[in-house]
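Open the model in your viewer and keep a selection panel at hand. The stops below go from the whole chain to its cores.

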Amino acid sequence: MSLDGFVTRAIVHELQSLVGARIHKIYQPTEHEVLLHVRGQGVNRKLLLSAHPSMPRLHFTEQTWTNPQEPPMFCMLLRKHCEGGIVEAVRQSGLERVVEFDIRHRDELGDLSIKRLVLEIMGRHSNLILLDPASGTIHDSIHHVTPAISSYRVVLPGAAYVAPPSQHKQDPLNAEKAEFERLLSESPKPLAELTRQELANVLLNGYTGFSPLLAKEVVHRAGGDPAKLWDAFAALIGDAKQQRYAPASVETDNGKTAFSVFELTQLTGKVQSFATVSECLDAFYKDKAERDLVRQRTTDLTRLLVNESAKNEKKLEKLRETMQEAEEADRYRKLGELLTAHLHAIRKGDASAEVIDYYDEKQPVVSIPLDPQLTPNENAQRYFRKYNKLKNSRAAVAEQIAATEEELRYLASVLQGLETATPSDIEEIREELQEQGYIRQRGAGKGERKKKQDRPALLCYTSSEGIPIFVGKNNTQNDYVTNRLGQPNDTWLHTKDIPGSHVLIRAAEYGERTLHEAAMLAAYYSKARESSGVPVDYTRIRHVRKPSGAKPGFVIYEGQRTLFVTPDEAAVKRLPCTVKQM
């Protein structure tokens with residue numbers, strides 16, 4: 001991962017500003033992350049400590065996190081032992097990705113005690129542990145490690161704290177040239193034959209703190225020449241010793257992004273520099289963390305919608321089979337009429353009747369099955385009853401098919417809304433599904449319904465011509481954009497026959513660039529965001545209306561024209577965007 005031992009060292013250096021400050025509040029917004037709101041000593045910041053299995057990290061953050069109504073048990077424990085405490089020290093264990101916070105706090109009796117909060121950044125084994133440094137006993141951890149999970153160490157309340165296993169690598173901050181050259185000479189191949197990857201592996205396997213990215217950077221600075229490798233290595237280590245950092249991220253041409261606290265000369269692409277390491281990490285992980293948080297908090301909704309869609313697909317299949325049967329209604333009417341015309345030739349007890357088919361020009365003789373227990377007239381009436389039943393059911397089944405298809409479109413639109421949702425959008429989607437009867441309202445009895453937010457927060461982009469473009473990211477927002485925000489001469493856009501956002505150009509006059517950018521947004525915030533040549537309909541909003549009784553987000557429109565656009569995430573991100581509370 002990009003967050004190596006050197007990035008950790010830079011962060012710890014930055015966090016020295018916390019020493020002497022007080023932990024004002026503690027929150028645990030997710031099962032993997034803890035937020036410390038720290039004040040004092042000229043500091044008023046939020047510190048994120050993450051033991052996420054795929055995004056472990058620590059840094060100051062400016063992001064807004066939504067906290068659960070009831071704090072988890074680990075959060076309650078941290079509040080008991082650390083809230084109101086003073087940060088005594090922040091340190092790193094060598095160049096390992098282990099950071100310790102010593103916190104001075106008064107216990108229930110008013111006596112001062114020191115607690116230690118340890119963040120271990122170890123990929124999927126990452127953890128955040130609260131322990132008593134005097135006894136080495138663990139109070140608790142954000143992730144428990146039982147003997148069944150690890151035979152090396154147990155991380156459970158009451159257990160003795162054991163540090164993560166050592167990698168038995170050398171500390172590069174104390175490296176000497178002779179030892180460095182000895183490591184190189186131990187390679188099974190002659191130095192001149194070593195590839196760049198093999199040179200990088202020497203650094204990676206010999207010294208702590210290096211990530212594959214940083215090891216390759218040193219080799220790149222040396223031009224792949226083993227004779228120049230020490231100089232490149234020593235220059236980078238010298239910057240680390242002097243705490244000279246240049247935090248930046250690089251978005252390469254293939255769309256991947258990497259970051260480091262040192263200049264990444266090996267990568268070409270869009271470089272974004274940052275004043276601090278925290279700003280770099282906060283920006284890098286923002287989208288990834290947000291998508292992960294949305295996924296965590298909408299797992300139940302996604303499962304519900306997928307199951308409801310599957311049920312409606314099966315229902316639609318059966319309804320279509322019933323409709324196919326109903327299409328045979330006229331055949332039963334014809335059989336009943338043929339029997340009526342030949343009643344004189346049929347007797348009770350006959351199993352079938354041979355009659356002339358007057359409806360066919362050739363007038364062939366056809367055989368009609370009969371119920372021997374019924375009279376000829378009763379057999380004819382039986383066919384007429386089948387005809388009437390199927391004829392009546394045809395209209396009812398057609399209505400049910402239309403209703404089921406509408407429900408499937410609605411469920412697809414909600415699923416699409418979840419794909420582009422931010423944490424702040426989730427509650428709107430949940431409330432919508434409660435109103436539609438798909439889920440029960442949580443934590444409220446009769447007469448205690450939470451008042452619905454009348455004016456949702458909407459994404460508002462500004463086109464390159466300075467025209468505002470509003471985007472609804474779920475059905476609640478779509479209804480507001482189309483039915484309340486839009487003026488008659490504004491332009492409304494939506495992907496053609498594809499679930500997606502309602503997009504509104506808030507102006508009567510605009511240029512082709514604004515229209516193309518709005519169509520791009522409509523395609524990007526739709527089910528077809530990964531496709532090319534996406535059809536987008538657009539029309540004046542006076543031609544758009546919501547049928548009475550229709551589900552949220554459903555409209556019909558006319559007078560539309562169609563554009564074909566290919567969503568471009570980079571182009572979308574270049575457009576200025578704000579969230580407006582309407």
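Select the charged side chains. The 78 positive and 78 negative charges have mean positions 3 Å apart. Lys and Arg count as positive, Asp and Glu as negative; His and chain ends are left out. Each charge sits at NZ of Lys, CZ of Arg, CG of Asp or CD of Glu.

The model is predicted: local features need pLDDT of at least 70, side-chain atom pairs pLDDT 80 or more, while totals for chains, interfaces and linings use all residues. Numbering starts from 1 along each chain as its sequence is written, and side-chain values use heavy atoms, without hydrogens and water.

Zoom out to the C-alpha trace. Along its principal axes it spans about 115 × 60 × 60 Å. The radius of gyration (over C-alpha atoms) is 35 Å. A compact globule of 582 residues would be near 25 Å, by the rule 2.2 Å times the number of residues to the power 0.38.

Colour by burial. Of the 582 residues, 46% count as buried (under 20% relative accessible area, 1.4 Å probe, protein chains only).

Which residues touch the most other members of the largest nonpolar core? Select Phe 6, Phe 101, Phe 210 and Phe 233, in a core of 72 residues. Such a core joins buried Ala, Val, Leu, Ile, Met, Phe, Trp, Tyr and Cys through side-chain atoms within 4.5 Å. Helix α6 (residues 226-241; a DSSP run of H or I, at least four residues, numbered from the N terminus) gives this core the most, seven residues.

Centre on Phe 233. Among its contacts (heavy atoms within 4.5 Å), beyond four places in sequence, are Pro 172, Phe 180 and Tyr 207.

Last, select Leu 459, Ile 469, Val 503 and Ala 523. They are among the 25 residues of another core, apart from the largest.

Definitions and conventions
Buried < 20%, exposed > 50% of the residue type's maximum accessible area, 1.4 Å probe, protein only. Helix = DSSP H or I, 4+ residues; strand = E, 2+ residues; numbered from the N terminus.
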